[in-house]
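Colleague: I've just opened this one and I'd like to learn how to read it. Could you walk me through it, one feature at a time?

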Number of protein chains: 2
Amino acid sequence: MLRATVELADRGGIEVLSMRRLGQELGVDAMALYRHVRSKDDLLDGLIETLVAEILPSHADADWKAALRGQAMAARQVMLRHPWMRRVLEERGTTGPAILGRIELALATLGDGGFSLDLAHHALHVLGSRIFGFNQDLFEDSGPEDPSPEVAAAAARALAGYPRITELAQAASHEGVLGRCDDDVEFAFGLDLVLDGLERFRTR
Amino acid sequence: MLRATVELADRGGIEVLSMRRLGQELGVDAMALYRHVRSKDDLLDGLIETLVAEILPSHADADWKAALRGQAMAARQVMLRHPWMRRVLEERGTTGPAILGRIELALATLGDGGFSLDLAHHALHVLGSRIFGFNQDLFEDSGPEDPSPEVAAAAARALAGYPRITELAQAASHEGVLGRCDDDVEFAFGLDLVLDGLERFRTR
DNA sequence: GATCTAGGTCTACGTTGTAGACTACGCCGT
DNA sequence: ACGGCGTAGTCTACAACGTAGACCTAGATC
C-alpha cells in the first residue's frame, strides 16, 4: 500500500493523492484503506518514514564533513525522485522515528567531529535549511525540449523591467542547452559553503 | 479584503482560510468574493504580493553584505508575523511582480558588489534557501509556559533512544527559560555563515 | 458447527472551490 | 424621466474531499 501510494504520488503529484483514487489504484473501495491506516495523515507519516529510509547512510569511516555531505546529497537524491516529499514533510512535521534517527546520527557525527553541542545545534539547523529549502522552483525548465515561441514570448514579456533577471535567465538557458541547468552544482555549491563555514567555526 | 484575509489567516492559520469563512468574516456571501478575485489561487497570489511588500527595503547606502543581511532579516520578520506565508509561497510559486522585484534588487546588489553573474546566481539560491528553509518547526516551544507534566513525560518517552537529541532538547529548554530559545540568533548564525562564505568567494 | 476477526462495501455527513442563474442598486446617454 | 448597463451580492447546485458507522463475507479457531 505504501509502495502504491508513493508510485501514485510520483506519477500525479501530491494533489491527486486522495483516498478514493488510491483505493481505485488498488482495486478497492476507499474505505477499505482505513483498515490499514488510521487516517490520511497517518498514511502521510508512513510515506515519510519509507522515503527517509530510502536515504542511504554514508560510509561510517568518513570524517564529519564527508559524512554530512554524503547525507545531504543522499537526502537530495530522494527529494529529487519524489518532488512532493518536501511539502508532505513540511505539513506533517518532523517527529517520526526515521527522521529522529537521522538527526541523532547527524548530531553524533558532529559531536565526534569535535563540535560543541551548541555549534552542532546551529549546524543542524543550517544543514536542514539547506536540504529542505526550496531552490529549483524558480524558473523550472519544464523539460529538455525548447519552449514553444509563444511561451518564450510570454516569459520575455513577464521579465520586461527586470534586466538582471532577464540576463540571468538567458545565461541559464544557454547553460541549459549544454548541461541542463545543473541544479546539482547549485546545491553542492551552497552545501560546501555551509560546510566550509562550519569547519572554520570548529577550528576557532 | 486582502487585509481581512491576512488577519483571518493570522488568527486561525491557513487551513481555516476558506472562501465561505472569509465571506462570513466580511459579512458577505462566499460567492461575492469572486467579483473581486478570479479564484482562490488568485487571492493567495494577492496575499503574497501584499506580504512581500511588507518587507522593508534596507538602506541603499549600505554595502552589499549589509544590504542583503538587512533584506533577509526583514523577510524573516514578515514570515514570523505570518507563519503561514511560507506554505503559500511554496504552493503558489515565485512569479509575482513583488517577488521578482526583490530578486532583481538582490541581483543588482550583488552585481554592484562585484559578484559575477554566475556567483550572484548561486548566492541568490543559497540566500533563498536560507530564508525559506524551515528551521523553527523542530521542537517548537508551544508558548512560554512550562509544559504540563504529562506532556513533558510524553516528550521524554518519544526521545528515548536518541541521547544526543535529548541532550540538545534539555540544553535548549534551559536556554529557553533564560532567553526563549532564541531563533533569531539561529537564523543570523546561518545567514552570516553564508554571507561570509560568499565574501570569500568574491575576493578569490 | 458456532464464533471471532480481518478485510471490503455502501451510504451518508459536513466541508471545500466554484459555475451559473437571478436580483438589486447606481450611473449613463438620450 | 427613463431604458440600459455594469457592479456587487445571493442562492442553488455540483463534484470532490476525508471519514464515521453500519453492514457483509470468508477464513481461522475453539
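Colleague: Let's start with the DNA. How many residues surround DNA strand C, and which are the closest?

Modeller: Keep in mind that this is a predicted model. To read a surface like that, list the residues around the strand and then check which chain each belongs to. Here 14 residues surround DNA strand C, and the closest are Asp29(A), Met31(A), Ser18(B), Ser39(B) and Lys40(B). Two elements of chain B, α2 (19-25) and α3 (40-54), give two or more residues to that surface.

Colleague: Which element has the largest share of the surface near DNA strand C?

Modeller: That's α2(B), with three residues. Sorted by class, the surface near DNA strand C has six nonpolar, two polar and six charged residues.

Colleague: And which residues come nearest to DNA strand D?

Modeller: Read the chain letters carefully for this one. Of the 14 residues around DNA strand D, the nearest are Ser18(A), Ser39(A), Lys40(A), Asp29(B) and Met31(B). The elements giving two or more residues are now α2 (19-25) and α3 (40-54) of chain A. The largest share near DNA strand D is three residues, from α2(A). By class, that surface splits into six nonpolar, two polar and six charged residues.

Colleague: Let's step back to the fold. How many helices and strands does chain A have?

Modeller: Chain A has 10 helices and zero strands, so its pattern along the sequence reads α-α-α-α-α-α-α-α-α-α.

Colleague: What share of chain A is buried?

Modeller: Buried residues account for 25% of the 204 residues in chain A. You can also look at how far apart in sequence the contacting residues are. Among chain A contacts between residues at least 6 apart in sequence, 65% join residues at least 24 apart.

Colleague: Can we zoom in on one residue? Why does Leu110(B) count as buried?

Modeller: The idea is to count neighbours. Leu110(B) counts as buried because 25 C-beta neighbours lie inside 10 Å, and the cut-off is 20 or more. Leu110(B) sits in helix α6 (residues 97-112) of chain B. Leaving out residues up to four places away in sequence, Leu110(B) touches Trp64(B), Phe115(B), Ala120(B) and Ala123(B). For a sense of how the chain folds back, take Lys65(B): Leu110(B) is 45 residues from Lys65(B) in sequence, with 8.6 Å from C-alpha to C-alpha.

Colleague: Now the two protein chains. How many residues of chain A are in contact with chain B?

Modeller: 37 residues of chain A are in contact with 37 residues of chain B. On the chain A side, the elements giving two or more residues are α5 (85-92), α6 (97-112), α7 (117-132), α9 (163-179) and α10 (183-202). The most comes from α7(A), with nine residues. By class, that side of chain A has 16 nonpolar, 12 polar and nine charged residues.

Colleague: What turn and shift lay chain A on chain B?

Modeller: In general, two copies of a chain are related by a rotation about an axis and a shift along it. Here a turn of 180° and a shift of 0.0 Å along the axis lay chain A on chain B, with an RMSD of 0.1 Å. That is the relation of a two-fold axis. In chain A, the C-alpha nearest the axis belongs to Gly133(A), 1.8 Å from it. The same surface serves both copies, with 100% of the contact residues of chain A recurring in chain B.

Technical notes:
Residues are numbered from 1 along each chain as its sequence is written. Chains are lettered from A and ligands numbered from 1 in the order in which they are written. This is a predicted model: local features need pLDDT of at least 70, side-chain atom pairs count only at pLDDT 80 or more; totals for chains, interfaces and linings use all residues. Helices (H or I, at least four residues) and strands (E, at least two) are DSSP runs, numbered from the N terminus. A residue is buried if 20 or more other C-beta atoms lie within 10 Å of its own, exposed if 12 or fewer, and partly exposed in between; C-beta atoms are placed from the backbone. Two residues are in contact if their C-beta atoms, placed from the backbone, lie within 7 Å. Ala, Val, Leu, Ile, Met, Phe, Trp, Tyr, Cys and Pro count as nonpolar, Asp, Glu, Lys and Arg as charged, and the others, Gly among them, as polar. Copies are superposed by least squares on the C-alpha atoms of residues with pLDDT of at least 70 in both. A residue is near a molecule or strand if its C-beta atom, placed from the backbone, lies within 6 Å of it.
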